[in-house]
Amino acid sequence: MHHDTQHEQHSHHERSGQHTEHSPHADHGEHAAHADHTGRHPGKAGWAMAAQATLHCLTGCAIGEILGMVIGTALGWGNMGTMVLAIALAFFFGYALTLRSIRKAGVDFRTALRVALAADTLSIAVMELIDNGVIALWPGAMDATLSDTLFWGALMLSLAVAFVVTTPVNKWMIGRGKGHAVVHRYHH
């Protein structure tokens with residue numbers, strides 16, 4: 001758009017008999033700086049970085065969900081109570097892993113907590129929605145016990161599907177300077 005305006009100005013100068021030299025890329029550096037500032041620079045968010053961020057969230061979610069299911073089952077809770085506990089623990093452990101890594105970089109607790117909440121909330125929410133949706137829709141998975149192959153098979157498949165669906169979400173967020181892009185600023 002900016003380049004079109006320069007070309008129109010150049011054409012106007014030629015028609016009016018005034019001629020000045022214009023570089024078609026005179027403001028390219030300014031445009032590139034703007035693109036970097038907004039996080040919309042093409043190629044800035046790679047799939048490897050998105051997969052790494054998703055794997056990080058998946059680790060916290062898996063720890064929380066399995067622990068929640070073990071606790072809920074041990075206490076004799078029903079499916080809904082166990083699922084709520086598992087989701088709450090998935091968020092807790094997802095945030096805790098990010099918080100731990102940011103704190104290691106020397107960031108104060110309050111700032112680290114804000115970064116963890118901003119970086120992980122959407123990723124964990126999508127992951128939990130997909131993961132628990134797969135388990136809820138899988139026939140018999142909600143009633144399977146920890147000793148059943150169905151329980152572990154459904155859990156592994158649901159986490160794999162959640163990973164595949166959440167990775168593009170993380171790529172999109174990182175590409176806009178959000179999500180784990182913020183976390184990476186504290187690691188470098």
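Here are three short exercises on the predicted model shown above.

**Exercise 1: Getting an overview**

Work out which kinds of elements the protein has, and how much of the chain is buried.

*Solution.* Start by counting elements: you should find seven helices and zero strands. Next, read along from the N terminus, and you get α-α-α-α-α-α-α. Now turn to burial: of the 188 residues in the protein, 35% are buried. Finish with the outside. The accessible surface is about 11000 Å², and carbon and sulfur atoms account for 66% of that.

**Exercise 2: Classifying isoleucine 71**

Find where isoleucine 71 sits, and decide whether it is buried, partly exposed or exposed.

*Solution.* First, locate the residue: isoleucine 71 belongs to helix α3, which covers residues 47-74. Second, recall the cut-offs: buried is under 20% relative accessible area, exposed is over 50%, and partly exposed is in between. Third, apply them: isoleucine 71 has 30% relative accessibility, so it counts as partly exposed. Last, check its company on the surface: Ile71 joins Leu67, Leu75 and Trp77 in a nonpolar patch of about 350 Å².

**Exercise 3: Two helices crossing**

Describe how helices α5 and α6 cross, and name some residues that make the contact.

*Solution.* Begin with the stretches: α5 spans residues 109-137 and α6 spans residues 149-175. Then look at the geometry: their axes come within 8 Å and cross at roughly 150 degrees. The handedness of this crossing is right-handed. Now for the contact itself: α5 contributes residues including Ala119, Leu122, Val126 and Ile130, while those from α6 include Leu155, Ser158, Val165 and Met173.

Conventions. Residues are numbered from 1 along each chain as its sequence is written. This is a predicted model: local features need pLDDT of at least 70, side-chain atom pairs count only at pLDDT 80 or more; totals for chains, interfaces and linings use all residues. Side-chain values use heavy atoms; hydrogens and water are left out. Patches are made of residues with over 30% relative accessible area and no salt bridge: like charges are joined within 9 Å, nonpolar side chains (Val, Leu, Ile, Met, Phe, Trp, Tyr) within 5 Å. Accessible areas come from the Shrake-Rupley method with a 1.4 Å probe; for residues, only the protein chains shown count as cover. A salt bridge is a side-chain nitrogen of Lys or Arg within 4 Å of a carboxyl oxygen of Asp or Glu. Helices (H or I, at least four residues) and strands (E, at least two) are DSSP runs, numbered from the N terminus. Buried means under 20% relative accessible area, exposed over 50%, partly exposed in between (1.4 Å probe, protein chains only). Axes are lines fitted to C-alpha atoms, for helices over the stretch in contact, and angles run from 0 to 180 degrees between N-to-C directions. A crossing is left-handed if the near helix is turned anticlockwise from the far one by less than a right angle, and right-handed if clockwise. Contact means heavy atoms within 4.5 Å.
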